[in-house]
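The following exercises concern one protein chain. Please read each task, attempt it with the sequence and the structure, and then study the solution.

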Amino acid sequence: MRIAYISKYTILPQYRAPNRQYFISKYLSRQPGAEVLLIGSKSTLAAVPDFKGLFLSVKEGNLEMITLQGPVVDPGFNVKRLWSWLVFEFNIFRLRKKIRSFKPDVVIVSSLSILTFLTGIFLKRWLKIPLVLEIRDIHPLTIVEVGNFSPNNPAIRVLKGIEKWGYRNADLIVSSIPHVYKHVNMVAKKDVPFYWFPQGADMDYYSKTELSDKIEMFQRNPGDFIIGYAGTIGKANALDVIFDAAAILNISHPHIKFVFIGDGPLKNLFTEKYKDLHNIIFVPAISKTALQNELTKMDILINTWLDIPIYKFGISPNKWIDYMYAARPVLVGFSGDTCIIEDAGCGIVVPAENSAELVKGIIRFTEMTTDQLTEMGQRGKEYLEKNLSYETLSAGFYKRLLALQNENK
């Protein structure tokens, strides 16, 4: 079976820590009789070297990975990003003969950019093959709820139209968001076949660790209880509630320290705002392989979310995978539906954007013994290895794609 997989923000291991699209493609290409053509584009997320021509191609067994030319723009929803989406779709159209010569049996398109839905519909009809839509974020609803854009914004209305058309033309929806099918069926006004493919871990990749000395900039004193956060420091990460909790605990529990590993648009603001809190340490972003080594040094790991309606469909973030592999307990501030941290029994979940409840959760952890914390963290890693390896998840997905191929003969 030949699979064409199109995702603008694919990150390949040659250029930076790879992401979900690469790992899925890697293990799909290892299935019996499978070949995969993975198509992405240059972006700020991966340091792709300059090259001439329409695309750069790298092969890995039965997987060919193509990086298309395109403008590199800053993250965030803005005019430049929309322009880069248009350029990506135009360049896929220019690549159409190569895609046709690959003779795909199915095409998968990923929802960033959502304009790729249009390309997927074109390829479905031109090549007469099934179309699979991968929903990574629910756009444009995420832009409206997190970015505070008006639903009546002309660009949002156009994206809504594309979203609806894409859903109605899809033969299968696949997503890491467990209940996104409710949104899809509501928008499409019909039931669309759905396959849940949660975020996973490539055990081969995670086993490669490296040391980093960047976290040695803070002193861990005897008796300290260290809470770690790793990731972007931005609005969608709802970090205000952690800083509010830190301000409360700075007085009542000075031995509790918060370490923030990463960078982001709000880092300078938070650094200045909370400079007088002695229990907060900011650390620059480090490589993903080095990060795993550092996460294991924390007593617990923390992750907070905004309290917004979109999360009623559930979430499945990469961060939880990183945290669970580190075998440390996890404290989550989340009010949506379905949480694998609860399923795995490796942490505590408290209501989103509620600093008082977050403080209670932290204190509950500090009252546990070292053995209890270790046992809880280990449950998360064992759950991850048993249920969420990309090798296992991709094998199941491949069977579903074969069934889809048979359904459409």
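The exercises below treat burial, cores, a pocket, cysteines and the backbone in turn.

The model is predicted: local features need pLDDT of at least 70, side-chain atom pairs count only at pLDDT 80 or more, and totals for chains, interfaces and linings use all residues. Residues are numbered from 1 along each chain as its sequence is written, and side-chain values use heavy atoms, with hydrogens and water left out.

**Exercise 1. Determine how many residues of helix α1 and of helix α12 are buried**.

Step 1. Buried means under 20% relative accessible area, exposed over 50%, and partly exposed in between, with a 1.4 Å probe and protein chains only. Helices (H or I, at least four residues) and strands (E, at least two) are DSSP runs, numbered from the N terminus.

Step 2. In α1 (residues 20-28), 9 of the 9 residues are buried, so this helix is largely enclosed by the rest of the structure. Tyr22, Phe23 and Lys26 are among them.

Step 3. Helix α12 (residues 318-325) is mostly covered, with 7 of its 8 residues buried. These buried residues include Trp320, Asp322 and Tyr325.

**Exercise 2. Classify isoleucine 251 as buried or exposed**.

Step 1. Isoleucine 251 belongs to helix α9 (residues 240-252).

Step 2. Isoleucine 251 counts as exposed because its relative accessibility is 73%.

**Exercise 3. Describe the largest nonpolar core**.

Step 1. A nonpolar core is a set of buried Ala, Val, Leu, Ile, Met, Phe, Trp, Tyr and Cys residues joined through side-chain atoms within 4.5 Å.

Step 2. The largest core has 111 residues, and those with the most contacts inside it are Leu133, Tyr167, Phe258, Phe260 and Leu331. Helix α9 gives the most to this core, with 6 residues.

Step 3. Another core, of 30 residues, lies apart from it and includes Tyr22 and Tyr390.

**Exercise 4. Find which elements and classes of residue line the second largest pocket**.

Step 1. On a 1 Å grid over the protein atoms alone, a pocket is an open set of points where a 1.4 Å probe fits, with protein on both sides within 12 Å along at least five of seven lines; lining residues have an atom within 4 Å of a point.

Step 2. The second largest pocket holds about 230 Å³ of space. Of its 14 lining residues, Leu141, Lys160, Glu163, His183 and Val187 are the closest to its centre. Two or more lining residues come from each of α5 (141-147), α6 (154-169) and α7 (180-188).

Step 3. Ala, Val, Leu, Ile, Met, Phe, Trp, Tyr, Cys and Pro count as nonpolar, Asp, Glu, Lys and Arg as charged, and the others, Gly among them, as polar. The lining thus divides into 7 nonpolar, 2 polar and 5 charged residues.

**Exercise 5. Explain why cysteine 346 forms no bond with cysteine 339**.

Step 1. A disulfide is a pair of cysteine sulfur atoms within 2.5 Å. The count by this rule is 0 disulfides.

Step 2. The closest cysteine sulfur to that of cysteine 346 is in cysteine 339, 8.0 Å away, and therefore too far for a bond.

Step 3. Cysteine 339 is buried at 3% relative accessibility, and cysteine 346 is buried at 1%.

**Exercise 6. Locate the cis peptide bond and describe phi of alanine 327**.

Step 1. The cis peptide bond joins histidine 139 and proline 140, with omega about 10°. Proline 140 lies in the loop between β6 (131-135) and α5.

Step 2. Alanine 327 has a positive phi of about 60°, although it is not a glycine. Alanine 327 is found in the loop between α12 and β13 (330-333).

Methods. Grid points are joined across faces, edges and corners, and a volume is the space filled by probe spheres set on the points.
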